[in-house]
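Thanks for coming. Please look at the sequence and the model while I talk.

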Amino acid sequence: MGFDRSNFQLDPEQRQQLGYQLIDRINAYYSSLSHRSVQPPMEVRGQFPATAQLPELGEDASRVLESICADLIDRGFHVPTANYFGLMNPTPTYMAVLAEALVAALNPQLATNARSQLASRLEHETLGWIAQRIGWQQEENFGGTFTSGGNEANFSGLALALTHHFPNIIEDGLLGLPAQPGFYASAESHPSLEKSLGLLGIGRKFLRRVPADHRAQINLNALEAQIQHDRAAGLLPLAVIGTAGTTSSGAIDPLAALADLCARHHLWFHVDAAYAGALIFSNQHRRLLAGMERADSITLDPHKWLSMPFAAGVLLTRHPELLESVFGIDTAYLPKSSSGPLPDNFRISAQWSRRMNSLKFWLTLRVHGRVAYEELIDNQLQLASYFEEKVLATGSYTLATPRALTILNFRARLADDLRLDDDATAALHREIVSQVTADGEHWISTTRVHGKSVLRMMVISYLSRQQHVDALVAKLHAAIPNAAEALGLHSLRR
Ligand SMILES: Cc1ncc(COP(=O)(O)O)c(C=O)c1O
C-alpha cells in the first residue's frame, strides 16, 4: 500500500482496509484468550526481533501492521488471558477497547471544558455514578477527576490532606509549616504512598507504617499509639490512609473504625480503594467497604477489578474546593474560568493535557450495566474460594493469610523435620513459581506479607473458569518435588 509521503493522510479505502485488518487481528486475539498462554515458554522467552533502525522513509502500512501484531501477539506477555493469575491487571472489556479507539480518533482535550464540552460532561457523569455507589448523595458536594492510576490518585489525595491542614502550603511551600507532618497507613499499604510523600516534600519516612494483624488489616491500637507517640515527639499527625484491598493479600482495613479515629483526632481520612473499591458495584458485597463513604478522599482504579485497560484511575473527594486550591493555576493561553458549570480539569488535576480516560468505563456500564459487575465480583470470589479449596486439598500448600477477596497467599508445606528460614523459603517459592510458569501457560507470583515470603495467586480475568484453576493447581502440585530437587531439599512433604 503506497502513501503520499508528504503527510499522514490516508484515503478512505486505505483507512478502512487497515482498520479491518487490525480489528480482525484483535477479534481473533479476543477469541483466543480463554486458552492462550500468558507468554512463550522459558527457552524462547525474550527472543525479540532485531531492533529496527530509525525509519527515514516509511514502509507498506499493511505489512508493518501485520508484522507488529504478529510479534506482539506471538512473543508477547498476555495479561488479558484467562490463565493470568497475577497482579491487579485485568482482561479489558471489548467495549473499552472500542472506546479507546474512538477516544484516540476524536482526541478530546480534557484540560478545559471549552475544548471538550460533551466529553467533560460524560466524564463528570461517570464520576457521579461512582460517587453515588460509594453512598454520596447527588446533592452532596463532591469533586473528582480521572487519573493515570492509583499512584496519581493517592498523590492527589495526600496533597489535598496537606492543603486542608495548611491552606497556604501550595504558595508558600513547606518552610512555613509549624512542625513535621505525619501520615499513617498499614504496613501492607501500597508504596505509592511513600512515593507521594517524597514528591510532596514531606519525606518518605513520615509515612508511618503501622503493623497489620494476621488478616493483613491495620492494627488500630498500634495506630492510636503511633499517633500519640508522634504528637508527644512534636510531629503533626495529618492523615490516615486506609486500604481497601491490599496489593499482596486483598485485605480491607476496618474503614468505619478508621473514620471514627480520624474524626476523634481531626485527621484527614483517605481510602486507597484502588482494587477493592470495585465492590461498590455489588449490592451483596459493598457492605465490606462500610465506612469508606466517610472518607475525605478516595482512590479507585477502574483499570484493576473493573476490567478497564490502562489508564483509568479515579480520585474523589468530599472537599471539591480543595482540588482548585491544590491544582488551580492561571495561564494567559487558557480561559480564567470554566466555560460551563464544571471546573476545567487542568485546574483540579495533577495533569494538564489529558486523554479521556472515562469513556471506556462509561461505555462498558452503558452496554453491560452495573449488574455485570455484580456478577463478575460474585464469580471471581467463588473462583478464588474454589482455588483455595483445591490447592489446600493437594496437601502441598498451607494458607499464609486468611483470604479476603480474590487473592490467595499460600506457602509450600514443609515436612515436620524440615525448617527453612525466610530466605530459603523465598528461594523455594521463587523456584516453585519458575516451575509453574516455565511453559508460559500460567502466571502467578511471589510477594511478602508481614515481611515473610508467600506465593500469591489472584483471580482477575473475567474469562478465568474452574478448568483454568484446575490446571494451575495440578501444576502447583507437580512443582513441589521438582523445586525441592532443584534446591537439593530431599523432602518437602509430610
Ligand atoms: C492498593 C494499591 N494502590 C495503589 C496502586 C498504584 O496504582 P497504579 O498502578 O494504578 O498507579 C496499586 C497498584 O497495584 C495498588 O495495589
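I will go through the domains, then the ligand, then one strand.

This is a predicted model, where local features need pLDDT of at least 70, side-chain atom pairs count only at pLDDT 80 or more, and totals for chains, interfaces and linings use all residues. Residues are numbered from 1 along each chain as its sequence is written.

The protein is divided into domain 1 (12-32 + 40-76), domain 2 (108-354) and domain 3 (372-492); these bounds come from an automatic or database domain assignment. Between domain 2 and domain 3, 19 residues of the former are in contact with 16 of the latter, contact being C-beta atoms, placed from the backbone, within 7 Å. The C-alpha centres of these two domains lie 32 Å apart.

Next, the ligand. Around the ligand there are 15 residues, of which G149, G150, N151, H190 and T247 come nearest; a residue counts as near if its C-beta atom, placed from the backbone, lies within 6 Å. Helix α5, residues 150-165, gives the most to this shell, with 3 residues. Helices (H or I, at least four residues) and strands (E, at least two) are DSSP runs, numbered from the N terminus.

Finally, strand β6, residues 297-300. Is the strand buried or exposed on its two faces? S297 and T299 on one side, and I298 and L300 on the other, are all buried, meaning 20 or more other C-beta atoms, placed from the backbone, lie within 10 Å of a residue's own. Strand β5 (268-272) pairs with β6 in the parallel sense over 3 bridges, pairing being at least two DSSP bridges. H270 has S297 as its bridge partner in β6. With β7 (313-317), β6 pairs in the antiparallel sense over 4 bridges, and T299 has L315 as its partner there.

Definitions and conventions
Two residues are in contact if their C-beta atoms, placed from the backbone, lie within 7 Å. A residue is buried if 20 or more other C-beta atoms lie within 10 Å of its own, exposed if 12 or fewer, and partly exposed in between; C-beta atoms are placed from the backbone.
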